[in-house]
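Me: I'd like to go through this one label by label and ask what earns each of them. Can you take me through it?

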Amino acid sequence: SDAKTKEKQKKKAKKGKTKTTKKKNDSDDDISMADAAHLTCLLVNRRSGSGSASGGGGGGGGSSATPGGSAALSFVTATSSSVDAVQPTTSRDTDGDEDDNVGGVGGDDVYRDILDGLDASQIASVQSRAFGLVVVNLLNRINGDATADAASWAAGARLNDEAEIVHFFVSAFASLDLRSTSTAISGSSGSTGPDATSASIVAKNRRPAPILAEALSKVTSIGMWQSMPARYRDLQLKKSAMLRRRWGAWKKSTEEMDDDSDDDKAGDDSLVSYLPHLVDTIFAIVEDQAIWRDGAGDGGVADGTDEPMQIEDGAADDDDESEDDTDDEGEPAQPDPQQARSRRSGDDHSRRIRPQFALLNRGLELLADLLLLPPARRHVRPYLLSKNFAVRLSLSAPYLPPTSLTPAGRLFRQLHAMLAEAINFGYDDATGTSLTDEEVASRLHERAHILQKLCHRHYADSASDIIYSGVARVCDSAFLKKNLDLLELSTLEDLCRRLRLVDDKDVVTLIDDGGASSRSSDERPRLRSYLTSVLLHHHTYTPTGSSILTSLPLYPDETLLWNPHLVPPGHIGRHSTPVLALPKLNVSFLTNADYLLRSFKLLRLESAYGIRSDLVDVIKRMRPAMKRSYDDAGYAGDAVMEVDRGSSSSAWDKTTFQGWARMGIEIAEPVRLRKVSQPHLGKRIPAEVIAEVTIDLKHCGEHIKKEWDELGEFDNLFLVSIDASRMSGEPAPIMETHERPGRWNGQARRVPDEEDVTFPRRFGVTAVRGCMVLEVRDQKGTVLTDPARAWQSPEDGEHKTDKGPKGTKRILRVSLDAAQYALDATGKGSPAGTGVYETLNLVVRRHGRENNFKAVLETIRSMLEGTGSVHRSIPQWLQPTLLGVGDPASASYESRNMREFARKTAGVTSLDAALDYGDTFLDEVHLRGSFPGCNVIVDGAE
């Protein structure tokens with residue numbers, strides 16, 4: 001290390017440079033790269049088993065050669081020349097514990113000799129270097145495989161490795177700690193008093209620099225902007241002086257790096273260029289039509305039917321036929337040869353595109369995580385916008401039918417929605433502050449005004465409607481798309497280039513599919529669609545965090561309950577991807593709104609998991625079945641009518657329930673909507689939706705009747721629509737695991753009904769709606785939920801009353817989910833519209849202890865909707881600590897921030913003031929007895 005430093009200084013002196021170099025840390029001089037490689041193996045083996053990305057990215061694939069580590073890390077010992085002789089192996093002692101043996105050295109830990117001579121800061125520095133070595137070797141492996149032929153690459157030979165590397169980065173960034181390592185406190189070192197106490201607390205809580213920070217900061221550094229179009233990069237640099245200084249510092253560092261060793265330069269280049277390489281790889285996959293065209297009509301994708309999602313792309317159904325291929329009478333079933341060929345062709349195509357979807361889903365997951373990481377967002381978001389990443393994915397084959405109708409395609413669309421939401425999140429990248437809805441709209445109006453001025457200058461005749469309309473109308477997607485469709489293709493191209501939204505490379509090499517000689521919009525529809533989508537993406541309104549929460553129903557519906565990508569089952573098939581379209585509660589957040597939005601979605605999905613289990617249990621116990629009845633008058637309920645020609649009588653099929661359940665009961669009469677209030681000012685959903693549900697308790701025992709009569713105000717119920725005519729009668733699919741096929745002791749292991757995503761199809765579940773009880777009335781109209789009835793006595797007053805309910809019918813006045821009703825009314829919730837409420841025929845209740853999710857969700861939503869409610873509840877100095885970007889020592893009760901807050905805020909006791917315990921202690925005996933083993937000193941007589 002010393003020799004290399006002296007040699008570099010000599011080179012700089014020969015070139016006449018007078019720059020001063022920063023002195024390296026002593027730990028860097030003492031530790032060689034070979035020792036860093038040794039510690040790499042130590043980190044991989046001892047930390048990855050607990051899921052810590054700081055040691056290797058968390059437990060990944062089951063085929064990993066490294067115990068407990070990701071499969072992407074198993075090659076480190078093979079690619080690093082300095083660790084060829086010290087590859088770790090695992091042996092098991094007699095007591096069952098695993099020991100790390102290196103290079104055949106039995107029982108001896110070679111890392112102990114390295115660690116004994118280092119202090120904590122030196123160990124942290126070496127771990128940082130070791131982690132950097134892991135990352136560089138990971139990327140060098142992919143770069144070394146880049147010369148592989150295109151056929152093997154397209155077949156997925158290299159895609160699985162890249163997906164593992166993306167998984168490694170996902171785990172690493174999720175564990176990255178962004179909090180400050182210390183807080184600077186003014187004052188001399190010899191001072192005493194509060195400042196000295198605060199300084200001691202800071203020293204106690206001081207933490208070494210994270211070992212992940214150095215390597216991962218290079219991955220998300222401003223250096224990726226060198227792959228950005230030059231005109232768009234210049235536009236971004238003009239907006240911020242901070243970005244100009246950061247870009248200049250990076251350019252200066254790259255010039256100085258020319259004097260470093262080739263290995264260091266190559267390692268930094270691979271880190272900086274990784275995200276651009278990942279984006280280009282994703283573009284190459286989604287725009288390769290040969291990959292997605294083969295399965296368009298051979299049964300490999302869905303045909304547009306709205307069927308429940310499967311756990312895997314045809315794997316469960318295929319195994320179901322192979323394991324249990326018999327009919328009801330036990331005779332072997334005779335499959336249709338044409339259907340079997342179509343299924344085999346679809347399965348082959350599904351298996352072939354699985355590596356593509358694995359990399360696509362992992363890549364979208366990583367980019368969405370980086371957009372929600374404060375230091376990475378300011379560089380990653382402009383780069384993705386310069387590439388129009390979200391727009392190009394929305395026009396790709398995996399996003400569009402027929403591929404999007406498959407389970408893998410649905411997951412891709414959900415991940416794309418998460419990515420687009422993260423890009424458009426209301427956050428100022430320059431200042432790191434949250435933007436209100438008004439500020440987001442104001443910035444959008446500024447861009448629309450620039451569009452109007454540019455159209456007025458160059459296209460005054462063809463874009464007059466855009467020029468002379470208000471900015472709010474220009475920002476409307478329907479209005480802007482209507483006017484952009486009237487422009488010629490050449491005008492659209494020129495407009496996008498002048499706005500610096502597209503680059504010549506995008507138009508010529510990536511988007512152009514109509515031929516070089518053709519310039520008409522009729523022959524180049526893909527280019528026109530792309531240019532129009534880019535302009536709409538940059539100039540139209542997008543939902544904000546508060547509007548998203550307002551539009552989300554508080555109760556889960558049938559599409560959410562049995563969506564395997566949002567509410568995943570406990571069983572994961574051996575071919576299914578572990579990527580889920582779920583928000584993450586990481587160690588840091590952008591803003592308070594970001595934290596509340598993620599918490600809202602996760603709590604809503606967590607409650608949906610328990611609700612699904614309860615609904616499945618009740619539906620199975622109720623045993624729905626089909627009953628055919630005949631009547632001259634006919635039936636107008638939820639039955640399926642069949643009229644016999646030539647006869648006045650009619651027949652209908654009605655769903656009945658042949659079983660019973662303690663927590664469920666059949667609806668006696670169709671649900672009646674009683675009141676739909678107008679939306680509040682500025683809202684789009686009804687203020688209130690009231691309905692009445694009638695149940696009959698004549699078949700229930702006394703204790704079951706009592707439980708239903710004890711339904712109180714604000715209790716949550718679920719209304720289910722079951723159509724027995726749609727019951728498939730199929731058994732649950734065969735369970736598949738990563739270790740073995742779906743058999744156990746010779747018997748087929750099937751997925752439990754609580755985790756089976758095909759349960760709605762098997763039992764005819766067509767709709768699930770939640771509601772809240774407002775009041776319960778008996779058959780005479782007496783309100784059973786009236787609190788005054790508890791104080792009435794049958795003997796009081798002139799008129800004696802009977803407190804017991806009258807009759808067996810109960811009328812439940814309930815409040816439906818207004819957001820769900822708005823979705824149903826617009827056709828986005830149920831294909832039947834608001835008529836779905838007339839088909840509800842089952843009521844399910846839950847225990848009150850586990851049924852309080854609605855109140856928590858309403859509280860989170862009210863905190864976002866209220867004007868500054870979060871800032872009024874939480875002090876400004878405490879918010880960075882809660883968001884994971886501030887120093888924890890600054891939130892200590894002895895810190896200067898806390899003292900200043902106590903001094904300026906009324907009602908907060910000063911830290912130096914005596915604490916008044918009030919009547920906590922009865923006397924001196926009670927006081928001394930409350931602190932056993934302590935010497936209590938009582939100062940004064942009182």
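**Labels and what backs them**

Reply: Sure. Let's start in the loop between α18 (374-386) and α19, where Asn388 sits. This is a predicted model, by the way.

Me: What makes Asn388 buried?

Reply: Its relative accessible area is 3%. Buried means under 20%, so Asn388 gets the label.

Me: And what is notable about the phi of Asn388?

Reply: It is positive, near 50 degrees, in a residue that isn't glycine. Most residues other than glycine have a negative phi.

Me: Where else does a positive phi turn up, say around Arg500?

Reply: Arg500 has one of about 60 degrees, and it is not a glycine either. Arg500 belongs to the loop between α25 (489-498) and α26 (504-511). Another case is Arg623, just after α30, with a positive phi of about 50 degrees.

Me: Why is Arg500 called partly exposed?

Reply: Partly exposed covers the range between the 20% and 50% cut-offs. Arg500 comes in at 24% relative accessibility, so partly exposed is the label.

Me: How do you know that the peptide bond from Pro401 to Pro402 is cis?

Reply: From omega, which is near 5 degrees there. Most peptide bonds are trans. Pro402 lies in the loop between α19 (389-394) and α20 (407-423).

Me: How does the reach of helix α30 compare with the expected span?

Reply: α30 runs over residues 592-622, 31 residues in total, and reaches 45 Å from first C-alpha to last. The expected figure at 1.5 Å a residue is 45 Å, and the helix is close to that.

Me: Which residues stand out in the largest nonpolar core?

Reply: That core has 112 residues, and Phe169, Tyr274, Leu275, Leu366 and Phe389 touch the most other members. Its largest share, 11 residues, comes from α30. Apart from this core lies another, of 29 residues, including Leu492 and Tyr530.

Me: What does Tyr274 touch, leaving out residues up to four places away in sequence?

Reply: Leu139, Ile165, Val166, Phe169, Val219 and Leu366.

Me: And what makes Met863 partly exposed?

Reply: Its relative accessibility is 28%. That falls between 20% and 50%, so partly exposed it is. Met863 is part of helix α34 (residues 853-865). Leaving out residues up to four places away in sequence, Met863 touches Leu596, Ser869 and Val870. Met863 and Leu596 are 267 residues apart along the chain, yet their C-alpha atoms are separated by 8.3 Å.

Me: Why do strands β10 and β13 count as paired?

Reply: Pairing needs at least two bridges. β10 (residues 716-722) and β13 have seven, in the antiparallel sense, so they count as paired. One partnership is Leu719 with Arg769 in β13. β13 also pairs with β14 (residues 809-816), again antiparallel, over six bridges. There, Cys771 stands opposite Leu816 of β14.

Me: How covered is strand β13?

Reply: Mostly: 10 of its 13 residues, within 765-777, are buried.

Me: Why are Cys475 and Cys934 labelled as they are?

Reply: Cys475 has 0% relative accessibility, under the 20% limit, so Cys475 is buried. Cys934 has 53%, over the 50% limit, so Cys934 is exposed.

Me: How many disulfides does a search of the whole structure find?

Reply: Zero. To count, a pair of cysteine sulfur atoms would have to be within 2.5 Å.

Terms used:
Residues numbered from 1 in each chain as written. Predicted model: local features only at pLDDT ≥ 70, side-chain atom pairs only at ≥ 80, totals over all residues. Heavy atoms only, no water. Helix = DSSP H or I, 4+ residues; strand = E, 2+ residues; numbered from the N terminus. Expected span 1.5 Å × (residues − 1). Buried < 20%, exposed > 50% of the residue type's maximum accessible area, 1.4 Å probe, protein only. Core = buried A, V, L, I, M, F, W, Y, C linked by side-chain atoms within 4.5 Å. Contact = heavy atoms within 4.5 Å.
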